[in-house]
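This report goes through selected features of one structure. It moves from the chain interface to sheets, helices and single residues.

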Amino acid sequence: MSRTPAVDATTLIVSMSPHVRGSLTIERMMGSMLLALVPTAAVGVYFFGLNALLTVLLAMATAAAVEAAIEMLTKQKLTIGDLHALLTGLLLALILPPTAPWWLTMTGAATAIILGKMVFGGLGAYPFNPPLVAWVVLKLSWPERMNAFVAPSTGERVLTPLMAFKEDPALFYSYDLWDLFLGNAAGGIGMVCGLAIVIGGLYLIIRGIIRWHIPVAFLLGVGLFAWIMRMINADLYPPVGFHLAGGGVLLGALFLAPEPVTSPVTPTGMVVFGLLAGILTMILRMWGSDPDGTFYAILVMNAATPLFNYLTPRAYGRWERA
Amino acid sequence: MGIALRGITLPKNDTVPFELIEITPPGTVALPLIQHLGEPATPTVKVGETVTSGQLIAAAATDRSVPIHSPLTGTVAAITATFSSRGQDTEAVVIEGEQIKPRSKKLPAPSTLSPAELTEAFREAGLLSPGPFPAPLIREILGPEQSGSQLSLSGTRLVKRTDTLLVSALDPEPCLGVNRYLAGIETEALAVGIAAFKAISGAERVLIATDKNFPQSRPLRAIAAADEEETTKIVRLNGRRYPIGLPIPLIKAVLGREAPLPYGRPRDVGVALCTVSAAVSLGETLLTGAPPVTTLLTVGGGALGRTGIVEIPLGTTIEDLVQALGGFTQEPAKLIIGGPLTGFAHYDPSVPLGKDAGGLFALSKEEITPVGAYRQCINCGRCVAVCPVNLVPGMLSMYCAKDRFKEAAAQGLLSCIECGCCDYVCPSRRPLVHLFRHAKRQLMEAES
């Protein structure tokens, strides 16, 4: 039974369908997220000056270098090209205080890559958001350094709005909500200007890089909780906008919580994840010891992500036995 | 009518204008004995025998196979081994000769035939069901012949009376265009075929699903208007949406009914599903008395350099068709029988195009994605968002890649219709359909 061999049979590829693919790749996802964070980082540099710029660059460079070093040591393929290490470094830099010294930044970036990402097997395998893992390590190791916030432009040591609120709840009257949203307040390098974060986040949602479920649910969770508290006692509790614009809520909702690896895969799971993360943020803010509960809330929810993945849609054609 | 369907929307330039390309028919055809899922037909001719166009050369062995007729008048040159369009190992009857139109016979008008006579003609026509799992259409519509095999593996098959004939003027994939092409062509056969399908299936109403991105089909509208009892309706759907043209999602989109997967069939939810091309084929069989021996294909792909519909004798090989179309414009990287989303890649250009071939695509190097360069699942959930049967493909793929097939099956692996949407959107470029097919095969082999 002879088959006439084709002239070019050796070059023809045989594989399973589908034979064409969409254009979305990991590189494009990560690249778009880096791009979306450019306004946020730029505003941070504008407000906090040279040290902010150095922190951003140093964090990204350290993250990329540490990842490459580990992969060379363990003889793995270099994954610097997928841009994830750079994104991890950038996100970490954006949640550091603008006064962060170089060694704090480098330790943080190395921790994010080693402890947050590579020990679990790299991109796709880690259970906790790597920049947040590093943030917790830094926060526990050097609490003073991590709380050294300065006022934009002047460089004067001040408390962040949320820290002030923790000291004395009545202090929220002294903040203008527009100032908080536009960035005229103390905070992490990339946490002060809500406008820049929202622009980047909307870009990602419109481009389809992140999905709307988690950001919307997260903000809804925070907003509803704040609104109920406000209804209970308007003298004691700040308006909804104060909680939404203050601290890491916007950055958390739009960039940290929707991080694909550590968030649920099903739409229902995403919504529940976001809502609970938002509510937990508010609980931690109201009754926790840390002024801003956003990052802790996201980490706790990361741990619960495998549970949310059980919230699958009903598979087609699965009928209840009559 | 019409229910939102999860899936993907292809970019505009991936769907093509469908025009007929005239070609010279080849002098040799190879007719595979199996052109679908099921069992091969039994050859009724020997090597060296003379055959005429339309003559039966292989008879259906069981109700899971279809009869095959010669498209050429000539001699049987050989019976050799080859691949079917789906890549199954099979024997093929090779016939050398020329295409001669059979002389028209005096026939009774199709409208005067009884359902039993129509069914006989339907069986003789040897049509296949649409989609990536082709099976004898008569068995799909009327059910298995032997009583007792009505029960599915789980024993819970819903036995419903067929109440709806669903005629699909959509194509299995947006890149294929035969049904949409035929829906725009004025023929007597289409109306005859639809009427015959309605009589055979016993359906009370006819729904015709058309693509709203195309101008309204005049012939189909005329058919709907001619129905005085107003039991024929046209449903307009977005044909650029994929996988709306595949049987299971189409029934869900038009009627909201879910066939009980796995192993679910349109019949289980009271639907007889046929395509416009099957209706035309049946209509022509009834009008001329000769079973269909040609088929329409969509051709395309960067290496072919042209796009359109061709009519070929059944069993034309890939190389003969490519030659008739003027050869490749650049070196093909992949030869695909079927569409780019559900088709089968072949390495052998001498493979014949059978009844189950919906198209021939010669993709160039730029159009394909490299195989094997895939990474870990990053849990982004895009596959969940597009899966038309509501699975969690990413999770399933991890089970399958780690040989944990039973767990994958418990998560609904067998409900997968292999449409490839999850593959298409995966940013890690994971070969999900490949893993699922592998796992299904392993499960099947473990069972037997």
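The text below describes contacts, sheets and helices in a predicted model.

Residues are numbered from 1 along each chain as its sequence is written, while chains are lettered from A and ligands numbered from 1 in the order in which they are written. Because the model is predicted, local features need pLDDT of at least 70 and side-chain atom pairs count only at pLDDT 80 or more, whereas totals for chains, interfaces and linings use all residues.

**Interface**

Chain B places 58 residues in contact with 39 residues of chain A; a contact means that the C-beta atoms of two residues, placed from the backbone, lie within 7 Å. On the side of chain B that touches chain A, two or more residues each come from β8 (73-83), β17 (334-337), β18 (344-346), α9 (382-386), α12 (421-425) and α13 (432-447) of chain B. Helices (H or I, at least four residues) and strands (E, at least two) are DSSP runs, numbered from the N terminus. This side of chain B has 30 nonpolar, 19 polar and 9 charged residues. Ala, Val, Leu, Ile, Met, Phe, Trp, Tyr, Cys and Pro count as nonpolar, Asp, Glu, Lys and Arg as charged, and the others, Gly among them, as polar.

**Two sheets of chain B**

Strands pair if DSSP finds at least two bridges between them. The table sets out two open sheets.

| Strand order | Strands | Pairing | Edge strands |
|---|---|---|---|
| β12-β11-β10-β14 (chain B) | 4 strands | parallel | β12 (232-237) and β14 (271-275) of chain B |
| β3-β9-β8-β5 (chain B) | 4 strands | antiparallel | β3 (28-32) and β5 (50-51) of chain B |

In the parallel sheet, neighbouring strands are turned by 25° against each other on average, direction ignored. Axes are lines fitted to C-alpha atoms, for helices over the stretch in contact, and angles run from 0 to 180 degrees between N-to-C directions. Strand β10 (residues 164-168) of chain B pairs with β14(B) over 5 bridges, and L165(B) stands opposite A272(B) in β14(B). Helix α4 (residues 188-201) of chain B packs on this sheet, touching β10, β11 (205-211) and β14 of chain B, and its direction makes about 150° with that of β10(B). Helix α7 (residues 276-288) of chain B also packs on the sheet; it touches β10 and β14 of chain B, at about 80° to the direction of β14(B).

In the antiparallel sheet, 2 bridges join β5(B) to β8(B), and T75(B) in β8(B) is the bridge partner of T50(B). Strand β8 of chain B also holds V76(B). V76(B) is buried, with 21 other C-beta atoms within 10 Å; buried means 20 or more such atoms, exposed 12 or fewer, and partly exposed in between. Beyond its neighbours within four places in sequence, the contacts of V76(B) include V45(B), V51(B), V93(B) and I95(B). Another contact is E49(B), 27 residues away in sequence and 5.5 Å away in space, C-alpha to C-alpha.

**Helices**

In chain A, the axes of α12 (residues 249-256) and α14 (residues 294-308) come within 9 Å and cross at roughly 30°. α12(A) and α14(A) are therefore roughly parallel, a term for angles under 35 degrees. V249(A), G252(A) and L256(A) in α12(A) meet T294(A), F295(A) and I298(A) in α14(A). The residues of this contact are 4 nonpolar, 2 polar and no charged.

Helix α10 (residues 393-401) of chain B has the buried residues P393(B), G394(B), M395(B), L396(B), S397(B) and C400(B). Their cover includes α9, α11 (405-410), α12 and α13 of chain B. After α10(B) comes D403(B), with a positive phi near 60°.

Definitions and conventions:
Angles under 35 degrees count as roughly parallel, over 145 as roughly antiparallel, 65 to 115 as roughly perpendicular and the rest as oblique.
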